[in-house]
Amino acid sequence: MGDRGGTSESLVGLRVLDLSRVLAGPLCCQLLGDHGADVIKVEPPDGDDTRRWGPPFVADDMSAYFNAINRNKRNICLDLRTSQGHQVLERLLENTDVVVENFKAGTLARWGFSDERMLERHPRLIVCRITGFGADGPMGGMPGYDAITQAYGGLMSINGESEGPALRVGVPVVDMVTGIYAFSGILLALNARQRTGRGQVVDCTLVDTAVSLLHPHSASTLADGRVPVRTGSAHPTVAPYDTFEASDGAVFIGIGNDRQFRILVDRLGMPGLADDPRFRTNADRLGNLKVLSELLSEKIAPLTKNDLAQDLIARGVPASAIRDIREVLDDPHVRHREMVVERGDYRGIGFPIKLTDTPASVRETPRAKGADTHTVLTTLGYDDVTINQLLSARVVLQDSPNPNGKEAAHE
């Protein structure tokens with residue numbers, strides 16, 4: 001992938017205003033930027049909270065966390081608590097296709113920028129609103145972080161070992177998937193705008209995302225009323241589908257059908273298990289899972305994790321050694337898929353959406369807070385005298401250049 005210029009991506013010409021902070025909104029806007037959109041990130045004077053979510057830090061005012069989700073964006077520092085800040089925001093909206101915001105419900109409306117008013121003034125605008133629980137309903141307006149909605153939305157209840165406590169999923173999966181849902185919703189709204197000529201609101205909430213991720217547990221509960229329980233790394237409806245200890249570490253084996261089970265037990269030197277009435281079908285294996293797990297564990301224990309995993313996957317049985325993050329990021333296949341990108345001092349995760357004709361690219365590395373304030377205001381028609389007045393009043397702030405490399409050109 002890498003730097004391909006600035007005209008080949010799918011969303012070239014799309015103008016996005018990123019009023020969001022923390023994770024879901026910034027990730028959504030980074031995805032839009034990766035695919036060519038001109039994204040302007042608006043930060044408050046104190047900056048996005050995640051700038052300080054470290055160590056590690058990649059610069060004085062930039063944590064690795066922030067650095068990972070804010071590339072391909074210009075940056076303006078603007079105090080939206082002021083009337084002059086509202087005037088600047090209105091100017092920004094005049095040339096915007098999509099605005100993404102995750103303020104607490106009602107904040108923008110109090111400043112005179114309700115969804116209805118923005119769409120009335122800018123009929124083609126797409127407003128993407130990301131909140132914890134939404135603006136209405138019994139929990140409407142309540143704040144919500146990823147872990148809170150993992151708890152509220154049931155994800156924690158089914159994550160962890162059966163005899164242990166409920167656990168937060170080890171990555172902020174609700175925030176990240178909400179960002180991806182928002183990205184998808186914006187693309188849907190853009191497609192609809194081609195037909196109707198009108199924008200609309202894309203309404204994404206963390207709790208909706210959490211509930212959407214409950215499959216297959218939600219399907220089981222809706223089917224027969226059962227309350228799912230924690231099963232550790234094991235699958236609730238497929239067996240064997242779990243982690244096993246080898247001589248040098250753990251290996252995960254996922255059996256999806258009877259043929260794969262037959263291959264597994266043949267590899268482990270006990271082919272007769274495939275015809276044992278206790279294990280012949282998936283339902284049989286689930287009903288006798290404790291005994292089956294003990295038999296498999298005994299055979300797997302003296303083997304090495306990588307040899308077993310590679311042998312099984314070569315035979316068509318999904319398996320992998322359990323690897324740490326450094327192993328993953330250094331992995332030859334991960335590198336072949338270009339899922340680690342480097343540009344100067346910048347290192348980040350690559351593009352999971354691969355397009356043959358209009359690929360994503362890294363055109364700008366993450367910017368210092370307010371690095372593009374003067375440039376953006378100039379493009380909005382502000383002269384130097386007015387910009388200096390805004391700077392003096394601290395309505396806007398102009399910070400240092402890009403901490404990760406050279407200044408990027410903006411056309």
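Across which strands does helix α7 lie, and at about what angle does it run to β8? Helix α7 (residues 173-196) lies across β6 (98-101), β7 (126-131) and β8, and runs at about 165° to β8. Contact here means heavy atoms within 4.5 Å; axes are lines fitted to C-alpha atoms, for helices over the stretch in contact, and angles run from 0 to 180 degrees between N-to-C directions. Helices (H or I, at least four residues) and strands (E, at least two) are DSSP runs numbered from the N terminus.

The model is predicted, with local features requiring pLDDT of at least 70 and side-chain atom pairs pLDDT 80 or more, while totals for chains, interfaces and linings use all residues. Residues are numbered from 1 along each chain as its sequence is written, and side-chain values use heavy atoms, with hydrogens and water left out.

**Sheets**

β6, β7 and β8 belong to an open sheet of 7 strands with mixed pairing, in the order β8-β7-β6-β1-β2-β5-β14. Two strands pair if DSSP finds at least two bridges between them. β8 (201-205) and β14 (396-397) each have a single partner strand, so one side of each is left without a neighbour in the sheet.

Another open sheet has 3 strands, ordered β9-β10-β11, with antiparallel pairing. Its edge strands, β9 (241-246) and β11 (319-321), each pair on one side only. Neighbouring strands of this sheet are turned by 20° against each other on average, direction ignored.

Three strand pairs are set out below.

| Strand pair | Sense | Bridges | Opposed residues |
|---|---|---|---|
| β1 (15-18) and β2 (38-43) | parallel | 4 bridges | V16 and V39 |
| β9 and β10 (249-254) | antiparallel | 6 bridges | T243 and F252 |
| β12 (340-343) and β13 | antiparallel | 4 bridges | E342 and R347 |

The hairpin of β12 and β13 has 2 residues between the strands, and G344 takes a positive phi near 60° there.

**Largest pocket**

β13 (346-349) also takes part in the lining of the largest pocket, where β13, α1 (24-34), α2 (64-67), α7 and α14 (325-329) each supply at least two residues. A pocket is an open set of points on a 1 Å grid over the protein atoms alone, where a 1.4 Å probe fits, with protein on both sides within 12 Å along at least five of seven lines; lining residues have an atom within 4 Å of a point.

The largest pocket holds about 1,200 Å³ of space, the volume being that filled by probe spheres set on the points, which are joined across faces, edges and corners. Of its 34 lining residues, A68, M176, L329, G348 and I349 lie nearest the centre. The lining divides into 23 nonpolar, 5 polar and 6 charged residues; Ala, Val, Leu, Ile, Met, Phe, Trp, Tyr, Cys and Pro count as nonpolar, Asp, Glu, Lys and Arg as charged, and the others, Gly among them, as polar.
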